[in-house]
Amino acid sequence: MNIRVDKTIHCEGLSCPMPVVRTKKAIEELAPGQVLEVVATDRGSLADLKGWAQRVGHQYLGVKEEGGKFHHYIRRASAEEEKPETLFPHTASNEELAQKLAAGEAVKVLDVREPAEYAFGHIPGAINIPLGELEERLAELDPNETYFVICRTGNRSDLACQLLAEKGFARVKNVLPGMSKWEGPVETRV
């Protein structure tokens with residue numbers, strides 16, 4: 001399969017949010033209808049780039065995996081198709097979540113990072129459902145519960161919160177800045 005590509009950017013070795021950050025900048029340099037190829041090694045890029053593209057109106061054409069690299073293809077939208085990027089309005093700080101956990105509150109923490117990220121350090125008791133699997137695994141969650149959604153930097157969890165809200169979850173909060181700055185208890189599973 002030959003895919004006409006107008007520009008390629010390399011994001012190998014970078015983790016969230018850097019592939020999305022570089023993609024945002026690169027796609028602005030393309031004309032509407034042109035195709036950007038993003039080469040990444042972070043498995044989280046599968047959900048991150050697709051979710052970001054859909055959120056801002058660009059067409060996520062697909063991905064192919066070759067030799068441990070993900071080749072994402074995104075077509076730039078026209079000015080009429082582009083949407084302003086919106087952030088989920090309900091957030092909680094790392095400190096707010098840590099205080100609730102320390103006080104023994106029955107808090108549900110949903111960690112939407114990839115399983116390997118989760119295994120090397122997560123909040124004790126956190127449920128792990130990677131963003132890329134969230135929609136198909138919604139039945140595992142109770143829409144009447146309050147969820148504190150966390151990822152490494154708050155970008156992936158923002159997308160997860162937006163998805164959950166669209167699916168009827170009224171009490172979700174994006175935890176910022178996320179696990180990259182988490183100073184509370186952590187457990188590992190390696």
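Let us start with one small glycine: leaving aside residues up to four places away in sequence, Gly-57 touches Ala-77, Glu-81 and Lys-83. The model you are looking at is a predicted one, and Gly-57 is a handy place to enter it. This glycine is found in the loop between H2 and E3. Ser-78 lies 21 residues from Gly-57 along the chain, and the C-alpha atoms of the two are separated by 8.7 Å.

**Two packed helices**

From that loop, step back into helix H2, which covers residues 45-56 and packs with helix H1, residues 18-28. Two packed helices are described by the angle between their axes and the distance between the axes. For H1 and H2 the angle is about 40 degrees, and the axes are 10 Å apart. The two helices are therefore oblique to each other, because an angle counts as oblique when it falls outside the ranges for roughly parallel (under 35 degrees), roughly perpendicular (65 to 115) and roughly antiparallel (over 145). Their crossing is right-handed.

Which residues make the contact? On the H1 side they are Pro-19, Val-20, Thr-23, Lys-24 and Ile-27, while H2 brings Asp-48, Leu-49 and Trp-52. By class, the contact of H1 with H2 has 5 nonpolar residues, 1 polar and 2 charged.

**Two pockets**

Helix H2 turns up again in the lining of the largest pocket, where it gives the largest share, 6 residues. H2, strand E3 (59-66), helix H5 (131-134) and helix H6 (155-166) are the elements that give two or more residues to this lining. Nearest the centre of the largest pocket lie Ala-47, Lys-50, Gly-51, Gln-54 and Leu-131.

For the second largest pocket, H1, H2 and H6 each supply at least two lining residues. Which element gives the largest share here? That is H6, with 4 residues. The residues nearest the centre of the second largest pocket are Val-20, Lys-24, Arg-55, Glu-85 and Asn-155. Val-20 and Lys-24 may look familiar, as both also belong to the H1 side of the helix contact.

The table sets out the figures for each pocket.

| Pocket | Space | Lining residues | Classes in the lining |
|---|---|---|---|
| Largest pocket | About 620 Å³ | 20 residues | 8 nonpolar, 4 polar, 8 charged residues |
| Second largest pocket | About 160 Å³ | 14 residues | 7 nonpolar, 1 polar, 6 charged residues |

To retrace the route on the structure, begin at Gly-57 in the loop between H2 and E3, go back to the contact of H2 with H1, and finish at the largest pocket, with H2 among the elements of its lining.

Technical notes
Residues numbered from 1 in each chain as written. Predicted model: local features only at pLDDT ≥ 70, side-chain atom pairs only at ≥ 80, totals over all residues. Heavy atoms only, no water. Axes fitted to C-alpha atoms, helices over the stretch in contact; angles between N-to-C directions. Left-handed = near helix turned anticlockwise from the far one by under 90°. Contact = heavy atoms within 4.5 Å. Nonpolar A, V, L, I, M, F, W, Y, C, P; charged D, E, K, R; others polar. 1 Å grid on protein atoms, 1.4 Å probe; cavity = no way out; pocket = protein on both sides within 12 Å on 5 of 7 lines; lining within 4 Å. Points joined across faces, edges and corners; volume = space filled by probe spheres on them.
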